[in-house]
Amino acid sequence: MGLLDSLGLGGALKGALGQVEAAALPALINAVLAKTQYHDLNGLVAALQQGGLGPQVQSWLGPGANLPITEDQLKAVLGNAQVQEFARHLGLPVDETLKLLAQYLPEIVDKASPNGTLKPT
């Protein structure tokens, strides 16, 4: 059972990712990150920067438009084992997990860094 299932959200999220409230996603992502090697959003952002996605991450932290990130880029940096762990905690298939992260991670990081740096979690 994934985290979303235990919160009663698994079926709803699986059936309607587009209807997930954006306000709930940062807390959900942080809850999942706490159970991984990244520990929090800061850890994930650091891993993405070290993995060669610095320009994208900087665009999320700084002012202006957020550069997109692809599912393939995420998988390449995070690695298959970490993506599978993420998916397991979310209670979603790997491809849906990557889609969710690629779609919402830029906005989540942007909103969590109003002054250009991530707030400590």
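The legends below accompany close-up views of a predicted model of the protein chain.

**View 1. The protein chain as a succession of helices.**
In this predicted model, the secondary structure of the protein chain comprises seven helices and zero strands, and from the N terminus on its elements follow the order α-α-α-α-α-α-α. Of the 121 residues in the protein chain, 42% count as buried, while the surface that the chain exposes comes to about 6,200 Å², with carbon and sulfur atoms supplying 55% of that area. When the contacts in the protein chain with a separation of 6 or more are considered, residues 24 or more positions apart account for 64% of them.

**View 2. The largest nonpolar core and the helices that supply it.**
The largest nonpolar core has 31 residues, and the members that touch the most other members are L41, L48, L74, L105 and V109. At least two residues of this core come from each of α3, α4, α5 (71–78), α6 (80–90) and α7 (94–111), and the largest share, nine residues, is supplied by α4. In soluble globular proteins, nonpolar side chains tend to be buried together. Within the core, V109 can be followed outward to its partners: leaving aside neighbours within four places in sequence, V109 is in contact with L41, V45, W60, L61 and L118.

**View 3. The crossing of α4 and α7.**
The axes of α4 and α7 come within 12 Å and cross at roughly 95 degrees; because angles of 65 to 115 degrees count as roughly perpendicular, α4 is roughly perpendicular to α7. On the α4 side the contact is made by L41, L44, V45, L48, W60 and L61, and on the α7 side by L105, P106, I108, V109 and D110. Sorted by class, the residues of the contact of α4 with α7 divide into 10 nonpolar, no polar and one charged.

**View 4. I108 of helix α7 and its partners.**
I108 is found in helix α7 and has a relative accessibility of 7%, so I108 counts as buried. Leaving aside neighbours within four places in sequence, I108 is in contact with L25, P26, I29 and L41. For one of these partners, L25, the separation along the chain is 83 residues, whereas the C-alpha atoms of I108 and L25 are separated by 7.7 Å.

**View 5. The crossing of α6 and α7.**
The axes of α6 and α7 come within 9 Å and cross at roughly 95 degrees, and the two helices are therefore roughly perpendicular to each other. The contact brings together V83, Q84, F86, A87 and L90 of α6 with V94, T97, L98, L100 and L101 of α7. By class, the contact of α6 with α7 has eight nonpolar, two polar and no charged residues.

**View 6. T36 and H39 in the loop between α3 and α4.**
T36 has its place in the loop between α3 and α4, and H39 lies in the loop between α3 (25–33) and α4 (41–61). T36 has a relative accessible area of 5% and is therefore buried, whereas H39, with a relative accessible area of 56%, is exposed. Not counting neighbours within four places in sequence, T36 is in contact with Q82, E85, F86 and H89. The backbone of H39 also deserves a look, with phi near 70 degrees, a positive value in a residue other than glycine. Most residues other than glycine have a negative phi.

**View 7. Q56 of helix α4 and the residues that follow the helix in sequence.**
Q56 is placed in helix α4 and, at 12% relative accessibility, counts as buried because the limit for that class is under 20%. Not counting residues up to four places away in sequence, Q56 touches L67, P68 and Q73. The C-alpha atoms of Q56 and N66, which are 10 residues apart along the chain, are separated by 7.1 Å.

**View 8. P114 in the segment after α7.**
P114 is found in the segment after α7, where P114 has a relative accessible area of 54% and is therefore exposed, the limit for that class being over 50%. P114 and P63 are 51 residues apart in sequence, and their separation in space is 8.7 Å, C-alpha to C-alpha.

Definitions and conventions
Residues are numbered from 1 along each chain as its sequence is written. This is a predicted model: local features need pLDDT of at least 70, side-chain atom pairs count only at pLDDT 80 or more; totals for chains, interfaces and linings use all residues. Side-chain values use heavy atoms; hydrogens and water are left out. Helices (H or I, at least four residues) and strands (E, at least two) are DSSP runs, numbered from the N terminus. Buried means under 20% relative accessible area, exposed over 50%, partly exposed in between (1.4 Å probe, protein chains only). A nonpolar core is a set of buried Ala, Val, Leu, Ile, Met, Phe, Trp, Tyr and Cys residues joined through side-chain atoms within 4.5 Å. Contact means heavy atoms within 4.5 Å. Accessible areas come from the Shrake-Rupley method with a 1.4 Å probe; for residues, only the protein chains shown count as cover. Axes are lines fitted to C-alpha atoms, for helices over the stretch in contact, and angles run from 0 to 180 degrees between N-to-C directions. Angles under 35 degrees count as roughly parallel, over 145 as roughly antiparallel, 65 to 115 as roughly perpendicular and the rest as oblique. Ala, Val, Leu, Ile, Met, Phe, Trp, Tyr, Cys and Pro count as nonpolar, Asp, Glu, Lys and Arg as charged, and the others, Gly among them, as polar.
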